[in-house]
Amino acid sequence: MRAPIRVAVSGAAGQIGYSLIYRIAAGDMFGKDQPIILHLLEIPQALTSLKGVEMELDDCAFPLLEGIVTGSDPMKVFEGAEWAILVGAKPRGKGMERKDLLADNAKIFVDQGKALNRKDVKVLVVGNPANTNALVLAHNAKDLPKENIRSMMRLDQNRAIIQLAKKAGVLARDVKSVAVYGNHSPTMVPDYNNATIQGRKVEDVIKDKTWLQGEFMTTVKKRGAQIIEARGLSSSASAANAAIQTIQDWILPTPKDDLFCAGIYNAERDLFFGAALKDQKIVLGLKIDSFLEEQVKITEKELLEEREAVRQYL
Ligand SMILES: NC(=O)c1ccc[n+]([C@@H]2O[C@H](COP(=O)([O-])OP(=O)(O)OC[C@H]3O[C@@H](n4cnc5c(N)ncnc54)[C@H](O)[C@@H]3O)[C@@H](O)[C@H]2O)c1
């Protein structure tokens, strides 16, 4: 057997955590022959609930799970972790201003940045506002290379893939190279210009530009809200699945005819910006039309505003 990989998950007793950690322990993230040690972080008030999660992990008797570390101190829980998936974040309370949400989350990511301030860890930020949380973390972890930090955009990519597939009457696997740019928020920009359906340009298959620029965009951007309305809870299984895919996108070669999306650090703008990647490099030369260009400006403006709202934590 190989040496175990230590994987930290924050917010481990939350909804996404509950969908995520059992899949990690089952080998869905790093492979069916890779032993795992889980490092699970929660706030003190959720440690009892985390105990239940830990008991259930035990009761799965996962052959790959070699150990579980739990606690509420990021300095201790993150120690030795090679991967950290940061799901734990403060949700927006009733009547809460967006700037207060940004500040409350920034405080969390200042502390977690300090606890991850080393070169030998890779960090995926899932907790919202994910792009700006990743920025705060990056500024507070100067020894952690910025290319070791990503924020999650894969769920947005998957949401765009399935909408295109349904419209074209094909399967998800027939849709490739779907990029989503910018912020993981309703300003995100799903790119219908460079995506393909069964190897053909989307616009040659779906000849309805009004749908591509209208209903398609709106559905992808508002999917999270639609799920909350239907389930009474926010997306968790699909978010956990996207986190697993994001790590696989990171460690596996990208199929030739595809690309993947993640929020990566843009040094020029000092932002984490959703980008199209292939084999860990930005895909160059993707051209977008003036409609999408305008949208990219809007999402960039929003990210700059978010950055200003957390300026004191950078
Ligand atoms: N990037 C994406 O695509 C994406 C998709 C879906 C959800 N999200 C975000 O993921 C986050 C988690 O969602 P959820 O549905 O699991 O929420 P949840 O409220 O069910 O769980 C969050 C958990 O995080 C814990 N937590 C809060 N602060 C913490 C801290 N400082 N350290 C450790 N743990 C902490 C809470 O106790 C809770 O158990 C939310 O911010 C949500 O908006 C992101």
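Q: Which residues does arginine 118 touch, not counting residues up to four places away in sequence?
A: In this predicted model, arginine 118 touches Asp143 and Leu144. Contact here means C-beta atoms within 7 Å. Arginine 118 itself sits in the loop between α4 (98-115) and β5. Its C-alpha is 7.3 Å from that of alanine 141, 23 residues apart along the chain.

Q: Why is arginine 118 called partly exposed?
A: Arginine 118 has 14 other C-beta atoms within 10 Å. A buried residue needs 20 or more, and an exposed one has 12 or fewer. The count of 14 falls in between, so arginine 118 is partly exposed.

Q: What makes asparagine 131 count as buried?
A: Asparagine 131 has 29 C-beta neighbours inside 10 Å. The cut-off for buried is 20 or more. The count passes it, so asparagine 131 is buried. The residue lies in helix α5 (residues 130-139).

Q: Which residues is asparagine 131 in contact with, leaving aside neighbours within four places in sequence?
A: The contacts of asparagine 131 are Ser151, Asn183, His184, Gly263, Leu271, Phe272 and Leu303. As for glutamate 302, its C-alpha is 11 Å from that of asparagine 131, with their positions 171 residues apart along the chain.

Q: What kind of peptide bond joins asparagine 128 and proline 129?
A: The bond is cis, with omega about -5°. Most peptide bonds are trans. Proline 129 lies in the loop between β5 (122-125) and α5.

Q: What is notable about phi of aspartate 270?
A: Phi of aspartate 270 is near 55°, which is positive in a residue other than glycine. Most residues other than glycine have a negative phi. Aspartate 270 sits in the loop between β12 (260-266) and β13 (271-278).

Q: How do you know that aspartate 270 is partly exposed?
A: Its C-beta has 14 others within 10 Å. Buried starts at 20 or more, and exposed ends at 12 or fewer. Neither limit is met, so aspartate 270 is partly exposed.

Q: Where is glutamine 280, and what is its phi?
A: Glutamine 280 is in the loop between β13 and β14 (281-282). Its phi is near 70°, a positive value in a residue other than glycine. Glutamine 280 has 14 C-beta neighbours inside 10 Å and therefore counts as partly exposed.

Q: Why are α6 and α8 called oblique to each other?
A: The axes of α6 (residues 154-168) and α8 (residues 209-231) cross at roughly 135° and come within 9 Å. Roughly antiparallel needs over 145 degrees, and roughly perpendicular runs from 65 to 115. The angle fits neither, so the pair is oblique. The crossing is right-handed.

Q: Which residues make the contact of α6 with α8?
A: From α6 come Asp156, Arg159, Ala160, Gln163 and Lys167. From α8 come Trp211, Phe216, Thr219, Val220 and Arg223. By class, these are four nonpolar, two polar and four charged residues.

Q: What makes α1 oblique to α9?
A: Helix α1 (residues 15-25) packs on α9 at about 40°, with the axes 8 Å apart. Roughly parallel means under 35 degrees, and roughly perpendicular starts at 65. The angle lies outside both ranges, so α1 is oblique to α9. This crossing is right-handed.

Q: Which residues of α1 and α9 make the contact?
A: Ile16, Ser19, Leu20 and Arg23 take part from α1. Ala237, Ala239, Ala240, Ala243 and Ile244 take part from α9. The classes are seven nonpolar, one polar and one charged.

Q: Why does serine 238 count as partly exposed?
A: Serine 238 has 19 C-beta neighbours inside 10 Å. Buried needs 20 or more, and exposed means 12 or fewer. A count of 19 stays short of buried, so serine 238 is partly exposed. Serine 238 lies in α9 (residues 237-251). Arginine 159 is 9.4 Å away, C-alpha to C-alpha, and 79 residues apart in sequence.

Q: Which residues come nearest to the ligand?
A: Of 28 residues around the ligand, Gly11, Gly14, Ile16, Gly88 and Ala89 come nearest. Helix α1 gives the largest share of the shell, three residues. The shell has 14 nonpolar, 12 polar and two charged residues.

Note on methods
Residues numbered from 1 in each chain as written. Predicted model: local features only at pLDDT ≥ 70, side-chain atom pairs only at ≥ 80, totals over all residues. Axes fitted to C-alpha atoms, helices over the stretch in contact; angles between N-to-C directions. Helix = DSSP H or I, 4+ residues; strand = E, 2+ residues; numbered from the N terminus. Left-handed = near helix turned anticlockwise from the far one by under 90°. Contact = placed C-beta atoms within 7 Å. Nonpolar A, V, L, I, M, F, W, Y, C, P; charged D, E, K, R; others polar. Near = placed C-beta within 6 Å.
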